[in-house]
Amino acid sequence: MDRPAEPVTTPITVFLLDDHEIVRRGLVDLLESHDGFRVVGEAGTAAEALRRIPTLAPQVALLDARLPDGSGIDVCRDVQVTSPGTRCLILTSYDDDDALFAAVMAGASGYLLKQIRGTSLTEAVAHVAAGHSLIDPALVERLLERIRRPQGDGPANGTGTHAPGRGGPARPGSRTDTLTDREQEILTLIAEGLTNRQIGERLHLAEKTVKNYVSGLLAKLGFARRTQAAVYGAQHGAEPAERGERP
Amino acid sequence: MVERRSSSPSPSGSHPVGSVVGSVGSAEDRLRGLLAANRSVVSELALPAVLRRIVEAARTVAGARYAALGVIGVDGRLEQFIHSGMDPDVVERIGHLPTGRGVLGAVIEEPEPIRLHAISDDPRSVGFPAGHPPMHGFLGVPVRSRGEVFGNLYFADRLDGSDFTSDDEDLVVALAASAGVAIENARLYEESRRRQEWLRASAEISRDLLRPGLGDDVLVRIADAVLRLADADVVTLDFPEHGAVVPAGTDGPLAYAVRLVVEVARGLGANDLVGTSYRSGPSLAGTAMRERRAVLAETPGPADPTLASVAEDGSGGPAMACPLVGEAGVRGAVVVARRAGSRPFTPADVEMAEQLATHAALALELADGRADEERVAVLEDRHRIARDLHDHVIQRIFATALTLQAASERAADTAVRGTLGRAVEDLDETIRTIRASIFELQEPPSSPDARAVLLEVVSAATAGVGVEPTLRLEGPVATVIDPVLLHDVTAVLREALTNVVKHARCTAVNVRVAVTAEEVTVEVTDDGPATRGHDGGPSGSTGSTGSTGSTDRADRADRADRPLERRHRGLANLTSRARHRGGDCTLTTDERETVLTWTALLSP
């Protein structure tokens, strides 16, 4: 997934998108304590980031996966079109599985868990700025396989567990979240690192249509459960994971 | 009292019926007497009182010393025998009431009036029991109600000692017709009264249903209502074992084999019945559930424990069972029984039991709905907690750790660096723990997700041994570990943890499952002492059943003490699993801890 390496200018310019100001401050603290990095802009919402990133054209954008007005995934996919020179890293406090899924869906160069040790944040940013990807293609292959596995334990989880009461109705453990052919096709192109525009050209679809497909895929594959769904659940007072509907 | 007035002359005009007893009187007097008797009979509504009045009035009208009304039961015998004119002492001396044999039976067999000069002369007579006063003249007429023979009026010994006349017979037949109407009225009245009572009970139960938190009490109340309204001796609510549901249209051996359990019982032997399980196949409840309709049995077999409890000498009483039909299928049955020898259930009884069974089924559905709601509430709550942990707690800790990390990198003093570094480490560990909690909070317990499975295996293997395990997952575990590999990994974890729990006197177990794109590593670390067993093995030994890349392992293994060897035997199995996947399994131990490391390559 590596893109042609561009000359790495120092310091590396970074844009931060996280709705927690305290996190942004911490990130600024850490990055600016190194000579090689300069935070050129910050945003707390997806809308603000989408407005500012194209003008600032940072080398790297650190995008929180979950935002009050959207997801870092959507922002990342938009940024690839509006600011092709910007490499994105998805920042998330969920675990590796969800983070990997988010990064692949976003077409990001990698993901960073919100923890300090492990992958060094500065190294990761520098690596990505140099045009490399942090995502092992073998893992992407496994991820796709896992999603496509018919009865597999992909991120989608539509199994409603129903404790057997006295003769209570036993719901069959059915998985209704299987992907359509078109969704499969788009998922493959996403995994190849194509932008929404490229996918649209390839499949003769409007970019907006591709965008809708991506949102649908995210919801269907249960990424919603851990990210937007939390917001969705709060707004709708329902358990979205059981529905598999788009927020 | 009546007897004492038996010789008084009969005054004419309107007078109490009883006062004509003792004389036969003129035709006009007798007609008047009949009219009075009719009035008397139809003025009462409760069936027992009606029957009593019929007997008294009939005795007066017939001018007989003895009169009785025999009510015919289902078996064609006399179910009740209401008599008048016999001294209570004499009744007690005889001991039992007639059951409908001999001449009394003749009227049952052929419902036509019978008039005899002397009972004993009749070939059908079977004689009188000891202590029975002599009876000579006899008159018997059937009483019909709703087109069926309800019973017979019997008379013995005309007051003036002569034989019963055809006039007597005509009068008594006329009275029997009114008696039939009175009986019908009484029955209708009783039925409407019961219906009213049943409606009241239904309304009460409906109210109960809508009141949350009553739980199984509703079922108990329903059972009580059925017991009372059906005039039953025992009522139970039976359900399939393990909460199975007999789906609509299920028949054949599957539904037949289901076992039923008595969950609610009221009435005779209720305490012993609760919890009894039986085969649904041959039972009344099973039949009702399979056929989805109320089933009646007059002499049921012993299959239903409910029925066995009211049986006498192996023969049961009347019984019925109604299915509890829910949305997803038949959920159970209400079984209602009367003591052996009781009158059978009427269609009204069945209708009532069916309606209350509907209530019971509804109660169960509502309880399910409430349970679902509660589950959803719990899930929502868990999601909210997870969200809060994610949105607030982790972000703050992470931000603090970032700041500390930045400070550490700026710090010139190595000691300060070290301290800050350790603080960052601690915060990282905290984030990891919280992340695991978030996962647990959001993942349903029986999820097929590899992460959830590993969590479950680790906590199950160490349950109840006072060791709190920690599980650390590194890398996209759920993505990399496919079901086949997961099978191996869980087997390894179980084996390793069982060994730790059995052989190591440890207080902490840390499990680490790490994946990369190439391999998976399982590491089980316990703080059990390295010196094990009584013979005190040497510390610092490294054991491995594998030999690859190791020159001195065999040597060290020789020095290993016995408990460690025992662990090794379990290890052989783990090693072969690892080898099969191009990996290895090693066990290292020192004073502080014992570490089992199992690796496997991912299939390309």
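Start by selecting chain A: of its 247 residues, 58% count as buried. The model is predicted. Chain A holds 11 helices and 7 strands. Its exposed area is about 9,900 Å², and carbon and sulfur atoms supply 50% of that. Now turn on contacts with a separation of 6 or more: residues 24 or more positions apart account for 66% of them in chain A.

**Stop 1: a salt bridge in chain A**

Select Arg197(A) and Glu207(A). They form a salt bridge, with the closest N and O atoms 3.2 Å apart. Arg197(A) sits in helix H8 (residues 196-203) and Glu207(A) in helix H9 (residues 207-220), so the pair ties together parts of chain A that are 10 residues apart in sequence. Are these side chains buried or exposed? Arg197(A) is partly exposed at 42% relative accessibility. Glu207(A) is partly exposed too, at 28%. Over all chains, the structure holds 42 salt bridges.

**Stop 2: confidence in chain B**

Move to chain B and colour by pLDDT. The average is 80, and 83% of the residues score at least 70. Two stretches need care. Residues 1-22 of chain B stay under 50, with 31 contacts beyond four places in sequence. Residues 530-561 of chain B also stay under 50, and there the model has 58 such contacts.

**Stop 3: helix H1 of chain B**

Select residues 27-42. This is H1, with 16 residues; first C-alpha to last spans 23 Å, close to the 22 Å expected at 1.5 Å a residue. Buried positions include Gly33(B), Leu34(B), Ala37(B) and Val41(B). What do the buried residues of H1(B) pack against? Show helix H2 (47-62), strand S5 (148-158) and helix H5 (166-210) of chain B.

Stay on H1 and pick Asp29(B) and Arg32(B). Their side chains meet in a salt bridge of 3.8 Å, N to O. Both lie in H1, 3 residues apart, about one turn of the helix. An α-helix has 3.6 residues a turn, so residues three or four places apart point the same way. Arg32(B) is partly exposed, at 35% relative accessible area.

**Stop 4: helix H11 of chain B**

Select residues 347-410, which make up H11(B) and include Leu366(B). Leu366(B) is partly exposed, with a relative accessible area of 31%. Add Leu210(B) and Leu362(B): with Leu366(B) they form a nonpolar surface patch of about 280 Å² of accessible area together.

Now find Asp349(B), also placed in H11 of chain B. At 0% relative accessibility, Asp349(B) is buried. Beyond four places in sequence, Asp349(B) has contacts with Arg194(B), Leu229(B), Ala230(B), Met320(B), Arg338(B) and Pro344(B).

**Stop 5: a loop glycine**

Go to Gly275(B), in the loop between helix H8 (270-273) and strand S8 (277-279) of chain B. Val262(B) is 13 residues away in sequence, yet the C-alpha atoms are 5.2 Å apart. Gly275(B) is in contact with Val261(B) and Val262(B), its neighbours within four places aside.

**Stop 6: helix H13 of chain B**

Select residues 450-461. The 12 residues of H13(B) should span 16 Å at 1.5 Å a residue, and the end C-alpha atoms are 16 Å apart, which agrees. Among its buried residues are Leu454(B), Val457(B) and Val458(B).

**Last stop: buried charges**

Select Asp488(B) and Arg581(B). Their salt bridge brings the closest N and O atoms to 2.9 Å. Asp488(B) lies in helix H15 (residues 483-503) and Arg581(B) in the loop between helix H17 (562-580) and strand S16 (584-589), so the pair ties together parts of chain B that are 93 residues apart in sequence. Both Asp488(B) and Arg581(B) are buried.

Finish with Glu429(B), Arg432(B), Arg472(B), Glu474(B), Arg512(B) and Glu523(B), which salt bridges with shared partners join into one network.

How values were computed: Residues are numbered from 1 along each chain as its sequence is written. Chains are lettered from A and ligands numbered from 1 in the order in which they are written. Side-chain values use heavy atoms; hydrogens and water are left out. pLDDT is the predictor's confidence in each residue, from 0 to 100. Contact means heavy atoms within 4.5 Å. Patches are made of residues with over 30% relative accessible area and no salt bridge: like charges are joined within 9 Å, nonpolar side chains (Val, Leu, Ile, Met, Phe, Trp, Tyr) within 5 Å. Accessible areas come from the Shrake-Rupley method with a 1.4 Å probe; for residues, only the protein chains shown count as cover. A salt bridge is a side-chain nitrogen of Lys or Arg within 4 Å of a carboxyl oxygen of Asp or Glu. Helices (H or I, at least four residues) and strands (E, at least two) are DSSP runs, numbered from the N terminus. Buried means under 20% relative accessible area, exposed over 50%, partly exposed in between (1.4 Å probe, protein chains only). The expected span of a helix is 1.5 Å times one less than its number of residues.
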